Structure formats: structure tokens, C-alpha cells
Amino acid sequence: MKDKVTLTYSNPLSVQFGDPYILLASDGRYYMYGTGAGAVDGFCVYSSDDLISWKSEGQVYHGNTPQSWAVANFWAPEVYEKDGKFYMFFSADWRYNPTNEEENFRIGVAVADKPTGPFVELRDKPLFDPGYPVIDGNILQDENGKCFLYYSRCCYKHPVESEIAEEAKRKGLFSEVEESWIYGVEISPDFTQVIGEPVLLLRPPVSLTDKQSEWESRSVTSGEVNRRWTEGSFIFKHNGLYYMMYSANFFGGENYAVGYAVSESPLGPFKKADNNPVLEKNTAKGGIVTGTGHNSITWSKDRKQMYCVYHGRTQKTGEERVVFIDKMHITPEGVLVVDGPTTDIQTIE
């Protein structure tokens, strides 16, 4: 009988992804997708047997072709294995832009026979058009066979009245505050169309006395930018409850952080957790990590250990977003805990 091998690593990884997403495929390997890492008008993928040593598999999806609806700003790919195929959900600028919008993002789907591609778009247009720019598509395949799409409405041209906006105006910081909100909608099992109307699930707090208001408003209250984000959702089911992780604050700043909300139904209502944020910068505690956000989760191969996969920055990495992987768990009381951000030696068994 072989002795159990304990592997070690330290954050950040050498992979320069934003919005990292890891698929544990049926072939027993991990595949990491994300924004950047040298991809031109598309996405790259890395593969690993152990979550520590990652091999570049090159660019696996190319947009901005004559056949593609997507022309620029390729962001946040997530890949799902279903019936022997691999489906990539991603965000990009839509070629169709009659009103010349600065932000014209939509969500599309591409399919491949292998997790290393090549991925080809299912259709020559986005999955759907809600009439406003959307990003960060995330999928839940529930036990009853139903599927749900979650996404973020962009802040663009979406000023929202709130006590936070009123205070920002009163202090002379910003004349208005735009917000992004997370929606959910049922999607056909073949991933070709949405079913019904989107439902608003999460948004930034309206009241200054809301427990979530301080951490979700830091980009505004610090004078950094006149936007409050609720984006980068990742949903999973645990003990009959639906846990939705999400990111708030400016994705390019040090205050980017992660919280979560819980519901008994895939389309809500969701209640934000009292222990938010569960992942944030650690510089106030003597650490070197800032800008932690847009996470996904993956599992050890024996399904016993959950891992939070996210991007962050350090002084050494500068503005470049790099990947972190930290252990996470849910307590017997249902509280989600991320053991990070870490930069010391970690173990994977």
C-alpha cells in the first residue's frame, strides 16, 4: 500500500489569470480557465493533476472572427461538462451595436469535444439580450434536471438612488453612483436559450445601516470610483441550500472582496451572510494581498475538501492579476469560511 503523499505550494500561483475558474473533468484532471494569460480575443487554459503544477494548453477559444458575434473584451470563461461535451460560457462585446454603446457586453456559449478545445460558438449571436450589458455567466445544474444562469448587469448607465449615493453627493465625492446587480434565470438544458424572465437576486445595500453597506461600498466611500459592483457570482448547493458567492467593489482596486448569500431556492430570495466579507485584502493585518475577488470553487478528487479559487494582487505582482487557491469549508451551522488569503506554505493531500 502506497503512503499518502502530501503536496505543498504557496500563493500566488504562477498563472496570470483574472476571474479564474477550475473544472475537475471526468478524465480526472483539473482545467483552469480565466481572463488574460496572453490570450488574444479569446481564452487560454491550463491543466493540472494536483492543483499545484499547471501546464499551459494554449489558447482554446478565438473570437473576433467574421463568424463570431463577439469582438472584444473577452472575460470570465466558465466551462461545464455535460453529456460528453464541454460548454464554455463567457462575456464579450457584441458586434451588433447600433447605438454605439461604450459597454456592449453580452454572454455567449461555445462548445468543444475536449476541455482543451477548440471551442466553437453555439450560435452567431449572444445567448440572450436583456437590453443592458451583462457579464460573468455562471451555471447551476440542479438535481431535478433544471438549469439556471446567473449573471451581473453592468454598472454602465445604471445610476441608483441610495443613502450611500446621497452621502457621496453630500461629501462632494460623486454626483451619482452606478451599480451592478446579479440576476438569475432558468436556461434550457442544452444551453441554447433562457426560459422566462430574469429575477433580481442580489444588489448593493440601500441603507447606510445595512450590515453589508460598509464593505460593499468601500470603492465609493474612499473616493475611488462612482460605482458599486455586485458581480462574479458562483453558486453551489450544500445540505439543501443554495450558496451564492459574489464580489463587490472595483475589480481593479485593493478593496475588491467576496461575500456570499444563501437561499432555499435557486431563484431566491437570497439572504446575505452575517460574516461577510469572507475574503478580502490582508494588508491591515500585515499581509501583502489586495484585490481578492471573482472566485470559483473546486474540490479535491475525493470530494472531501473544497477550494476557493480567486484572483488577487501583491506588491510584487503589481497590477497583474494572479491566481490564489485556498481551502474553504462550511461549518455544521451552515457558515461559509474561506481560509485565506494566504501566502505561506499550504498543503494539498
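**Figure 1. An aromatic cluster in the predicted model.** Ring pairs join Tyr21, Tyr80, Tyr87, Phe89, Phe191 and Phe234 into a cluster. The structure shown here and in the following views is a predicted model. Across the whole structure, a search finds 25 aromatic pairs. One member of the cluster, Phe191, also appears in the hairpin of Figure 2, where Phe191 takes a positive phi near 65 degrees.

**Figure 2. The hairpin of strand 13 and strand 14.** Strand 13 comprises residues 181-187 and strand 14 residues 194-202. The two strands pair in the antiparallel sense, over five bridges. Within this pairing, Glu186 stands opposite Ile195 of strand 14. Six residues lie between the strands of the hairpin.

**Figure 3. The ring pair of Phe43 and Tyr61.** A search of the whole structure finds 25 aromatic pairs. The ring centres of Phe43 and Tyr61 are 5.8 Å apart and the planes stand at 25 degrees, so the pair is stacked. Planes under 30 degrees apart count as stacked. Because Phe43 lies in strand 4 (residues 42-48) and Tyr61 in strand 5 (residues 55-62), the pair ties together parts that are 18 residues apart in sequence. Phe43 is buried, with a relative accessible area of 0%, and Tyr61 is buried as well, with a relative accessible area of 1%.

**Figure 4. The ring pair of Trp215 and Tyr246.** The rings of Trp215 and Tyr246 have centres 5.9 Å apart and planes at 40 degrees, so this pair is tilted. Trp215 belongs to helix 2 (residues 213-216) and Tyr246 to strand 17 (residues 241-248), so the pair ties together parts that are 31 residues apart in sequence. Trp215 is buried, with a relative accessible area of 2%. Tyr246 is likewise buried, and its relative accessible area is 0%.

**Figure 5. A charged side chain over an aromatic ring.** Arg153 lies over the face of Tyr132. The distance from the ring centre is 4.3 Å.

**Figure 6. The surroundings of Val45.** Val45 is found in strand 4, the strand that also holds Phe43 of Figure 3. Val45 is buried, with a relative accessible area of 0%. Leaving aside neighbours within four places in sequence, Val45 is in contact with Tyr31, Met32, Tyr33, Lys55, Ser56, Glu57, Gly58, Val60, Pro115 and Thr116. Glu81 lies 36 residues from Val45 along the chain, and the C-alpha atoms of these two residues are separated by 15 Å.

Key:
Residues are numbered from 1 along each chain as its sequence is written. This is a predicted model: local features need pLDDT of at least 70, side-chain atom pairs count only at pLDDT 80 or more; totals for chains, interfaces and linings use all residues. Side-chain values use heavy atoms; hydrogens and water are left out. Two strands pair if DSSP finds at least two bridges between them. Helices (H or I, at least four residues) and strands (E, at least two) are DSSP runs, numbered from the N terminus. Rings of Phe, Tyr and Trp (its six-membered ring) pair if their centres lie within 6.5 Å; planes under 30 degrees apart count as stacked, over 60 as edge-to-face and the rest as tilted. Buried means under 20% relative accessible area, exposed over 50%, partly exposed in between (1.4 Å probe, protein chains only). A charge sits over a ring if NZ of Lys or CZ of Arg is within 6 Å of the ring centre and within 35 degrees of the ring normal. Contact means heavy atoms within 4.5 Å.
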